[in-house]
Amino acid sequence: KMTETHVGVEMAAHGVSVVEIALTDGKWRSNTGSKLNRRITASTEMSLDGPAAGHDRLKTGADPSGRRVYGTLNNCAGGQTPWGTYLTGEENVHGYFWTDRKGENGRRLNRGLGGNQQKSYDRYGFPSSWYSWGKFHDRFNVDKEANEPNRFGWIVEIDPLDPASVPVKHTALGRFRHEGAEMIVNKTGQVVVYSGDDSRFEYVYRFVSKDRVKDGDKAANMRLLSEGTLSVARFNDDGTVTWLPLVFGEGPLTPANGFNSQADVLIDARLAADALKATPMDRPEDVQPHPSSGKIFVMLTNNERRKLEQTDKANPRPENNFGHIIEMTAPDGDHTANTYRWDILVKCGDPRVAEVGALWHPDTSENGWFAAPDNAAIDAEGRLWIATDRGSNWA
């Protein structure tokens, strides 16, 4: 029953708001007259950069260059950069894409559409038809515009201090259901971005820039996320983490396995991580580096679908309803190292219920336990703050 007007409202409501606030008479208030205030929606023009920009799989009828795209969707978490820009993650973008084709039961198909991108569609869940946008906008109908899904699922950089700036989708950071993009400047001067793919049995990723931060050169720093190495984590049972580079031509990432370029590797980062045998995790969400200790905290929200035979040292509980937090340690604080150490910091859930198998510090209060860790932040005193995410029953 959705109309084109309804869809227009939904598209305008998606995206990111930039709002200037000011401290006036001891209270923070929005400055409604600020020239910096703006809405970035599902229809805002953006650019694509990095290795996949301009690739045939990013070209559409409306954009034969494969370098311009309209809109950002399902924005979740993100992060800040040292040069004053904002990063936002495109998470569950598969839900916005539609097909007119229906199965024998009369229901709209979400698998088995055929075509040369079928393997990619299925791995990413396209089209899921949560919204009716594809009824009125061909770019969201995969029957009419097969490449449009490849233009979503990226990290987007927004400059809040320049209202005329065009947001950038950084393909070098890979395409998946980004929960966040938490950044740290390594002691080498390179920037390192951590991100989780927020879905059951998905992966933890790290991006290391090729170039280094230049103090006071914002224009140069805004190009740091355009070139570098994306890696995926394998959590070994011996307490080490191995970072596996997603680089075309290395290991299984070859034409024989369906990867014909670095663009293919990044567009299908999930398939590349599968091929590298990364560790499937219990819904990786925020991955938060501590600014000085070399610690990195991985929020794993839950995974009630994990069976006993699928458990491992890093994901030790079957039917993990409550989630856990892993603490990684970069050696000597070097976030570009190939190998880290890891340990489980917390197994969430009620410690009074033995079968939950919770693990907390012994000084945790009766009401100090929680479940489903999601987003995280480190405050100025070095404390880790955690937000929780629970959308279903606690049982």
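How many bridges join β5 to strand β10, and do the two run parallel or antiparallel? Three bridges join β5 to β10 (residues 168–170), and the pair runs parallel. This is a predicted model.

**Strand β5**

Strand β5 spans residues 45–49. Four of its five residues are buried, so the strand is largely enclosed by the rest of the structure. Its pairing with β10 places leucine 48 opposite lysine 169. Strand β6 (residues 68–70) is also joined to β5 by three bridges, but here the strands run antiparallel. Serine 47 of β5 faces arginine 68 in β6.

**Cavities**

Rolling a probe the size of a water molecule over the atoms shows where empty space is left. Searching the whole structure gives two cavities of 30 Å³ or more. The table sets out their volumes and the classes of their lining residues.

| Cavity | Volume | Lining by class |
|---|---|---|
| Largest | about 50 Å³ | five nonpolar, two polar, three charged residues |
| Second largest | about 30 Å³ | six nonpolar, one polar, one charged residues |

The lining of the largest cavity includes the aromatic side chains of Tyr124, Phe126, Phe152 and Phe176. Val93 and Gly153 line it too. So do Glu91, His94, Arg175 and Arg177. By class, five of these lining residues are nonpolar, two are polar and three are charged.

The second largest cavity holds about 30 Å³ of space. Its lining consists of Leu173, Val193, Tyr194, Ser195, Tyr205, Arg206, Phe207 and Leu230. Two elements, β12 (190–196) and β14 (204–212), each give two or more residues to this lining. By class, the lining has six nonpolar residues, one polar and one charged.

**Aspartate 198**

Where does aspartate 198 sit? It lies in the loop between β12 and β13 (200–202). Is aspartate 198 buried or exposed? The residue has a relative accessible area of 7%, under the 20% cut-off, so it counts as buried. Its side chain makes a polar contact with the side chain of arginine 283, at 2.9 Å.

Neighbours within four places in sequence are left aside in the contact list of aspartate 198. What remains is Glu91, Arg177, Glu179, Arg283, Pro284 and Glu285. Glu91 and Arg177 from that list also line the largest cavity.

Conventions: Residues are numbered from 1 along each chain as its sequence is written. This is a predicted model: local features need pLDDT of at least 70, side-chain atom pairs count only at pLDDT 80 or more; totals for chains, interfaces and linings use all residues. Side-chain values use heavy atoms; hydrogens and water are left out. On a 1 Å grid over the protein atoms alone, a cavity is a set of points where a 1.4 Å probe fits but cannot get out, and a pocket is an open set with protein on both sides within 12 Å along at least five of seven lines; lining residues have an atom within 4 Å of a point. Grid points are joined across faces, edges and corners, and a volume is the space filled by probe spheres set on the points. Ala, Val, Leu, Ile, Met, Phe, Trp, Tyr, Cys and Pro count as nonpolar, Asp, Glu, Lys and Arg as charged, and the others, Gly among them, as polar. Buried means under 20% relative accessible area, exposed over 50%, partly exposed in between (1.4 Å probe, protein chains only). A polar contact is a pair of N or O atoms within 3.5 Å; within protein, one must be able to donate a hydrogen and the other to accept it, and residues adjacent in sequence count only if both atoms are side-chain atoms. Contact means heavy atoms within 4.5 Å. Two strands pair if DSSP finds at least two bridges between them.
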